[in-house]
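Visitor: I would like to learn how to read a protein model, one feature at a time. Could you take me through this one?

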Amino acid sequence: MPARAADDVEAALDAFVRARLAEEAGEPAAALSALTAVSSHAPGLPGLHGRMLEQAIEAGDFAAARSAAATLWDDGNRRFDAQLVLIVDALRRSDWKAVRSYLAARQDKAGVDVISKLIDPAIAAWIDVGSREKRPERWLLAAFPAARPQPALQLEAVLVELAARRTDEAVRHLDTIGLTDRSSQLVALRVAASLDKIGEGEAARRLRARIALAAGEREDPLLLLPDQPISTPRAGVAHWLGLLADGIARTPNGSPSVPLLFARAAWWLNDSDWQVRATLVEALERNEQPGDALALLPGDASLPPALLMRRAELLLDAGDEAEALRLAESAVADADAPRSLLIRFADLARQSDDRAAAARAYARLEAALGDDDRDRDLRATVLIAEADLALQADDWDKAEPLIEKAVALRPNDPAILNFAGYSALERRRNVDASLARIEAAWKQAPQNPSITDSLGWAYFLTGRVDEAVPLLERAQRGDPENAVIVEHLGDAYWKSGRKFSARYVWRAAALVADADMATRIETKLRDGLSPATVAP
């Protein structure tokens, strides 16, 4: 082998190893850089350009993604991510002929694949808007010819009609479309904003009245974002891809790569769209790229409150509690802040152990509640959260009336009954009544490990050890990494005479215990169970 060739092989291997290490470390930009080095020494390496495309998408490097996609396409590889990147590139250049060519390239004898069915009608319609074709909405309305088109597709067709300046037809069509699902509500918001922009305020008002009713007062994070009009092909395709990314991300057990691909493509088309930004943030966080997600959310007044709260939550996950709390409180500074943001603020404050901030959030939330069934249920939840804060401060006198109010509001709720019974039993108060509440909770939710643990521990504390052990074993099987449950089981084993099993279980609990529990378990392992070392 010539010396230069040997040097190329060694350099390619070195760069390939660096790429693999960067991929495993979740550093797509570094991985892409290393793969680029590989390509300079071994451009024909099988699978190389596919991996470069994937890392470019993760890193958000559009130029690199376009280059890798073009190489794959020229080699006859019609993979979907390459197609979508090339479509985005053509849309950015307003090259409608190229977009049509890329759309047609993945069709086969059986028609189009499942993913193409999601994007092709909307892209085809928006291309026709750009090239001034007649009736561009036809692609959307014909997407499901065997049945009535889905509401989201019908509303997207209205958006296309508005962009094509066929306002009267668009407004007439609106009244025939039902807002039956989340996607249709999200598209309807864009229609309303677009109607406002062209002076059709009355039609926009009628539509928004229907959205507010269907959306349950806009508690959904995306529904809380500012309404933005859609009038250009780039903005239209970006909005549709962002909507698909959000919907796909909600599919249970789905891969994070597909939502990220759609969200990146949407962002590359329109980075001023708030919903697209929010969707990309979630896609990045789901793909274990929280730093990149944070970079999309500057911590200043330019962010809408819903995204300011999301930045606060990401900062809390990163360990910056003080800044997270400051931003979260800023996100709910408006006196009319939505209750969903108040709930998220309270949750954030609780996680950061700022009881004063959590108390402020719960007080504001409770003040915003009314008397209907939904609000009464939420009020009970808030009361339990406030009681929990009081118990953390060891203030039973403050917690008890809050708990009783919550039970009165939701007397048959197993979670509330369990909290009420266990909190009192833990402090050895009202033992018989507390046990009765836990038994009532368990009858409704016997599959719940926490409630099963509560009942088993209640039996232990009331001297019914033989009944306690099988329940605590069942709870431990349901939640084997819950240190509280495991310690309870160890104590019950000891009390029933199974001391070897007790020590074995205590050792397991010590692996996931907090500092106080670990100290208590260490004493039990050394000296055995005593009244002073029984679990709380």
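Guide: Happily. A helix here is a DSSP run of at least four residues in state H or I, and helices are numbered from the N terminus. Tyr-459, for instance, lies in helix H25, which covers residues 449-461. Please keep in mind that this is a predicted model.

Visitor: How many helices and strands are there in the chain?

Guide: The chain has 29 helices and zero strands. Its C-alpha atoms fill a box of roughly 80 × 75 × 45 Å along the principal axes. Of the 536 residues, 48% count as buried. Among contacts with a separation of 6 or more, 55% join residues 24 or more positions apart.

Visitor: Back to Tyr-459: is it buried or exposed?

Guide: The cut-off for buried is under 20% relative accessible area. Tyr-459 has 9% relative accessibility, so it counts as buried.

Visitor: Which residues is Tyr-459 in contact with, leaving aside its neighbours within four places in sequence?

Guide: They are Leu-435, Glu-439, Arg-464, Val-465, Glu-467, Ala-468 and Leu-471. Take Leu-435 from that list: it is 24 residues from Tyr-459 along the chain, and their C-alpha atoms are separated by 8.0 Å.

Visitor: How should I think about a nonpolar core?

Guide: In soluble globular proteins, nonpolar side chains tend to be buried together. In this model the largest nonpolar core has 129 residues, and Leu-53, Val-191 and Leu-241 touch the most other members. Another core, of 28 residues, lies apart from it and includes Tyr-422, Val-465, Val-469 and Met-517. You have met Val-465 already, as one of the contacts of Tyr-459.

Visitor: What does Leu-53 touch, not counting residues up to four places away in sequence?

Guide: Leu-53 touches Ala-65, Ala-68, Ala-69, Leu-72, Arg-79, Asp-81, Ala-82 and Val-85.

Visitor: Now the packing of helices. What describes a packed pair?

Guide: Two numbers do it: the angle between the two axes and the distance between them. Helix H17 (residues 305-317) and helix H19 (residues 339-351) have axes 11 Å apart and pack at about 15°. H17 and H19 are therefore roughly parallel to each other, the cut-off for that label being under 35 degrees. H17 passes H19 in a left-handed crossing.

Visitor: Which residues of H17 and H19 meet?

Guide: H17 brings Pro-305, Ala-306, Met-309, Arg-310, Ala-312, Glu-313 and Leu-316, while H19 brings Leu-341, Arg-344, Phe-345, Leu-348 and Gln-351. To read such lists, remember that an α-helix has 3.6 residues a turn, so residues three or four places apart point the same way.

Visitor: Arg-344 catches my eye. Is it buried or exposed?

Guide: Its relative accessibility is 17%, so Arg-344 counts as buried. Not counting residues up to four places away in sequence, Arg-344 touches Pro-221, Ala-306, Met-309, Arg-310 and Glu-313.

Visitor: And how do H15 and H17 cross?

Guide: The axes of helix H15 (residues 274-286) and H17 come within 11 Å and cross at roughly 15°. The two are therefore roughly parallel, and their crossing is left-handed. H15 makes the contact with Trp-274, Arg-277, Ala-278, Val-281, Glu-282 and Glu-285, and H17 with Leu-307, Arg-310 and Leu-314. Notice that Arg-310 also appears among the H17 residues that meet H19.

Visitor: Can I check a helix by its length? What should the 13 residues of helix H9 span?

Guide: At 1.5 Å a residue, H9 (residues 151-163) should span 18 Å, and its end C-alpha atoms are 18 Å apart, which agrees. Moreover, 13 of its 13 residues are buried, so H9 is largely enclosed by the rest of the structure.

Visitor: How do helix H7 and H9 pack?

Guide: Helix H7 (residues 114-130) and H9 pack at an angle of about 5°, with axes 10 Å apart. That makes H7 roughly parallel to H9. Ala-125, Trp-126 and Val-129 in H7 meet Glu-156, Leu-159, Val-160 and Ala-163 in H9.

Visitor: One last feature: where do I find positive phi values?

Guide: Just after H9, Arg-165 has one of about 65°. Ser-94, not a glycine, has a positive phi of about 55° and sits in the loop between helix H5 and helix H6. Arg-428 has phi near 60° and is found in the loop between helix H23 and helix H24. Ser-94, at 41% relative accessibility, counts as partly exposed, and Arg-428 is partly exposed with a relative accessible area of 40%.

Technical notes:
Residues numbered from 1 in each chain as written. Predicted model: local features only at pLDDT ≥ 70, side-chain atom pairs only at ≥ 80, totals over all residues. Heavy atoms only, no water. Expected span 1.5 Å × (residues − 1). Buried < 20%, exposed > 50% of the residue type's maximum accessible area, 1.4 Å probe, protein only. Contact = heavy atoms within 4.5 Å. Core = buried A, V, L, I, M, F, W, Y, C linked by side-chain atoms within 4.5 Å. Axes fitted to C-alpha atoms, helices over the stretch in contact; angles between N-to-C directions. Parallel < 35°, antiparallel > 145°, perpendicular 65-115°, else oblique. Left-handed = near helix turned anticlockwise from the far one by under 90°.
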